[in-house]
Amino acid sequence: MSASQLLLGVKLRDDARFDNFHGDRNAAAAARLREACEHPYPVPVVAVCGDADTGKSHLLQAVCHLAEQREQSAVCVSMEELLPFGPQALAGLENQSVICLDDLDLIAGLESWEEAVFHLYNRVNDYGSLMVVSLSEVPGGLPFLLPDLVSRLRHGLTIQLGINRDDDRLRILMARAEQRGLVLGDDVAAFILRRAPRKLADLLAMLDRLDENSLRAQRRLTIPFVKSVMGW
């Protein structure tokens, strides 16, 4: 059964686009990825590498949004969600103009999956499509078993993301609040950042919680209100 039959493509978040990928740390990397999608690289694969909290999933979905704007077909697949269905689930993905495989490092060490991705790469190359994958490290630093797969990934375009610094996290928090129509003062934002988890996803989930409570209570975000909602 193919991935298209399984309908396993990730539902794209509307806010996961290039124009709202905030923070200076990875701005150049995002711009390089966008350029590679708008002006196809000579090889059919781009590897976006970085730790779990660097925005890889956001960028892969941004790639798909960009493809759709350019009237190209695109699919973003979570390897974590695809694993239970077996390697045959990759069949037919090459029919898309852009194929994004998120968290590809999850198949490192799984020989049948590595072979399936290698063959998908070859089909993508034959079809003239573009494959974008996300990895926790550069391809050569992962425990892949298939040298040919590592070779193909290494000879594509590699884009390295760095961990967001505090000023980037603050900028992302403020931008997300503005996007939601929340008035978030500098003092409140700085307070949240001091007390919030380091992980960006947790920080943004916390903002969602504050937004919901603010709407329910018809209260603006102040330090006392944030304290009461978060139990700080």
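Cys64 is buried (under 20% relative accessible area, where exposed is over 50% and partly exposed in between, using a 1.4 Å probe and protein chains only), with a relative accessible area of just 1%. Cys100 is buried too, at 0%. So do these two cysteines pair up, or what keeps them from bonding? The sulfur of Cys64 has its closest cysteine sulfur in Cys100, but at 3.8 Å that is too far for a bond. A disulfide is a covalent bond between the sulfur atoms of two cysteines. Here it is called when a pair of cysteine sulfur atoms sits within 2.5 Å, and by this rule the count is zero disulfides.

This is a predicted model, in which local features need pLDDT of at least 70, side-chain atom pairs count only at pLDDT 80 or more, and totals for chains, interfaces and linings use all residues. Residues are numbered from 1 along each chain as its sequence is written, and side-chain values use heavy atoms, with hydrogens and water left out.

On to the charged pairs. Searching the whole structure for salt bridges (a side-chain nitrogen of Lys or Arg within 4 Å of a carboxyl oxygen of Asp or Glu) turns up five of them. One is formed by the side chains of Asp24 and Arg171, at 3.5 Å from N to O. Asp24 sits in the loop between helix 1 (3–6) and helix 2 (27–38), while Arg171 belongs to helix 7 (residues 166–179), so this pair ties together parts that are 147 residues apart in sequence. Helices (H or I, at least four residues) and strands (E, at least two) are DSSP runs, numbered from the N terminus. Arg171 counts as partly exposed, at 36% relative accessibility.

The bridge between Arg34 and Glu38 stays local: both residues lie in helix 2, four residues apart, or about one turn of the helix. Their closest N and O atoms are 3.2 Å apart. Arg34 is partly exposed at 31% relative accessibility, and Glu38 is also partly exposed, at 27%.

Arg123 and Glu94 form another salt bridge, with the closest N and O atoms 2.8 Å apart. This pair links distant parts of the chain, with Arg123 in helix 5 (residues 111–127) and Glu94 in the loop between helix 4 (79–82) and strand 3 (98–102), 29 residues apart. Buried or partly exposed: which applies to Arg123? Arg123 is partly exposed at 26% relative accessibility, whereas Glu94 is buried, with a relative accessible area of 8%. Finally, Arg180, Asp208 and Asp211 are joined into one network by salt bridges that share partners.
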